[in-house]
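The following exercises introduce a structure through its strands, helices and surface. Please attempt each task before reading its solution.

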Amino acid sequence: MRTPSSSLSPHTGEGIVIDIGTGDGLFVYQCARENPNKFYIGIDANPRPLEKVSEKIHRNPTKGGLPNVLFIQAAIEDLPSELDGVADEVHVHFPWGSLLRIAATGDKNGLHKLRRICAPEGVLEILIGLDPDRDRSEIERLGLKLFSTDFIDQELALRYRAAGFEILERGVLAQSEWPKLKTSWAKRLQGNEARTLIYIIAQATSVTS
């Protein structure tokens with residue numbers, strides 16, 4: 001079974017990859033090490049979890065430094081205009097708060113902000129893992145419906161299309177595949193059988209409305 005990331009453009013080659021809500025930056029750091037010809041940008045509104053990895057990337061390459069990584073402090077609502085149209089890939093992994101609301105409800109304004117940073121035919125990957133009991137307060141606070149592949153097909157696909165994204169693939173990722181995601185949250189949350197991880201892979205198109 002493919003992981004969502006394997007459905008994106010090949011790891012070899014060039015391009016700009018943006019990770020929104022990057023957290024501690026582990027996904028960006030590990031992918032940048034494996035793909036030196038790509039440039040990775042991690043974005044998060046909270047800079048504190050990024051302090052260690054930000055220091056690490058500026059070291060000598062023999063000691064873990066990476067010249068193909070940049071971290072930016074910014075919220076989804078205020079992405080720098082310099083990023084407009086640059087991303088060949090945009091990743092949103094285990095979002096929370098406003099980022100979760102945008103991804104899980106198909107909020108048009110929020111999706112437009114993601115579409116704005118995509119290059120023509122850029123690819124958007126979203127991973128949402130919710131536990132209906134443990135995450136109940138956040139689900140209710142954000143007014144989320146039951147998140148499922150049926151919901152994606154019946155409601156989200158149209159909303160994503162209106163915001164300039166065509167959903168190419170969606171599905172449920174088995175827990176045995178979670179370690180391949182290279183994120184700290186995948187490691188922390190793995191083992192909770194009540195938590196379903198659903199992925200969406202979409203491609204940037206022209207905005208229809």
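The exercises below concern a predicted model.

**Exercise 1. The sheet**

Determine the order of the strands in the open sheet, and state which strands are its edge strands.

*Solution.* Step one is to read the order across the sheet: its seven strands are arranged as E3-E2-E1-E4-E5-E7-E6. The pairing in this open sheet is mixed. Step two is to look for strands that pair on one side only; these are E3 (69–73) and E6 (165–172), the edge strands. A further step concerns the twist: neighbouring strands of this sheet are turned against each other by 15° on average, direction ignored.

**Exercise 2. Strand E1 and its partners**

Describe how E1 pairs with E2 and with E4, and explain why E1 is largely enclosed.

*Solution.* Begin with E2 (residues 38–44), which runs parallel to E1 and is joined to it by six bridges. Within this pair, Ile16 stands opposite Phe39 in E2. The connection between the two strands passes through helix H1 (residues 26–34), and this β-α-β crossover from E1 to E2 is right-handed.

Next, take E4: E1 and E4 also form a parallel pair, with four bridges. Here Val90 in E4 is the bridge partner of Ile18.

For the last part, apply the cut-off for burial, under 20% relative accessible area. Five of the six residues of E1 are buried, so the strand is largely enclosed by the rest of the structure.

**Exercise 3. Strand E5 and the packed helices**

Identify the sense in which E5 and E7 pair, and state which strands helices H3 and H4 touch.

*Solution.* First, E5 (residues 118–130) and E7 (residues 196–204) are antiparallel partners, with eight bridges between them. One position to locate is Val123, which stands opposite Gln203 in E7.

Second, helix H3 (residues 97–105) packs on the sheet and touches E1 (15–20), E4 (87–93) and E5. The direction of H3 makes about 105° with that of E5.

Third, helix H4 (residues 108–116) packs on the sheet as well, touching E1, E4, E5, E6 and E7. Its direction makes about 130° with that of E5.

**Exercise 4. The largest pocket**

What is the volume of the largest pocket, and which residues of its lining are the closest to its centre?

*Solution.* The volume of the largest pocket is about 770 Å³. Its lining comprises 36 residues, of which Gly21, Asp44, Phe94, Trp96 and Trp185 are the closest to the centre. To relate the pocket to the fold, note the elements that each supply at least two lining residues: E1, H1, E2, H3, E5 and helix H7 (184–189).

Note on methods:
Residues are numbered from 1 along each chain as its sequence is written. This is a predicted model: local features need pLDDT of at least 70, side-chain atom pairs count only at pLDDT 80 or more; totals for chains, interfaces and linings use all residues. Side-chain values use heavy atoms; hydrogens and water are left out. Two strands pair if DSSP finds at least two bridges between them. Axes are lines fitted to C-alpha atoms, for helices over the stretch in contact, and angles run from 0 to 180 degrees between N-to-C directions. Contact means heavy atoms within 4.5 Å. Buried means under 20% relative accessible area, exposed over 50%, partly exposed in between (1.4 Å probe, protein chains only). A crossover is right-handed if, with the strands pointing away from the viewer, the path from the first strand over the helix to the second runs clockwise. On a 1 Å grid over the protein atoms alone, a cavity is a set of points where a 1.4 Å probe fits but cannot get out, and a pocket is an open set with protein on both sides within 12 Å along at least five of seven lines; lining residues have an atom within 4 Å of a point. Grid points are joined across faces, edges and corners, and a volume is the space filled by probe spheres set on the points.
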